[in-house]
Amino acid sequence: SVLMAGIIFTTTLQKAEKKSNALGANVLGAVVGGLSQNLSFILGLKALLPVAAICYAASAIVARRKAV
């Protein structure tokens, strides 16, 4: 899983026009992932399902806007 994430990140970083933005987005994603992991310890995994759904929906919306 971590190996695949590294491969995807390096491939995406090579294609990015603004590498600093891509790196910043990766760091932000790592921070949000760490925070959500800690929240899962406190609240439980079932409480994070709506949060995950919102994150995936936001990602899909951003991806569609960039594609158009």
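1. In this predicted model, the lining of the second largest pocket draws on two helices, with helix 2 and helix 3 each supplying at least two residues. Helix 3 gives the largest share of that lining, namely six residues.

2. The space in the second largest pocket comes to about 300 Å³. Its lining consists of A25, L28, G29, C55, A58, S59, V62, A63 and K66, and by class these residues divide into six nonpolar, two polar and one charged.

3. Turning to the largest pocket, the space there is about 360 Å³. Of the 14 residues that line the largest pocket, V32, G33, S36, A52 and C55 are the closest to its centre.

4. Helix 2, which spans 19-43, and helix 3, which spans 45-67, each contribute at least two residues to the lining of the largest pocket. For this pocket the largest share comes from helix 2, which provides eight residues, whereas in the second largest pocket the largest share, six residues, belongs to helix 3.

5. As to the chemical character of the walls, the lining of the largest pocket holds nine nonpolar and five polar residues but no charged ones, while the lining of the second largest pocket includes one charged residue beside its six nonpolar and two polar residues.

6. One residue deserves attention when the two sites are inspected together: C55 is among the residues closest to the centre of the largest pocket, and C55 also appears in the lining of the second largest pocket.

Notes
Residues numbered from 1 in each chain as written. Predicted model: local features only at pLDDT ≥ 70, side-chain atom pairs only at ≥ 80, totals over all residues. Heavy atoms only, no water. 1 Å grid on protein atoms, 1.4 Å probe; cavity = no way out; pocket = protein on both sides within 12 Å on 5 of 7 lines; lining within 4 Å. Points joined across faces, edges and corners; volume = space filled by probe spheres on them. Helix = DSSP H or I, 4+ residues; strand = E, 2+ residues; numbered from the N terminus. Nonpolar A, V, L, I, M, F, W, Y, C, P; charged D, E, K, R; others polar.
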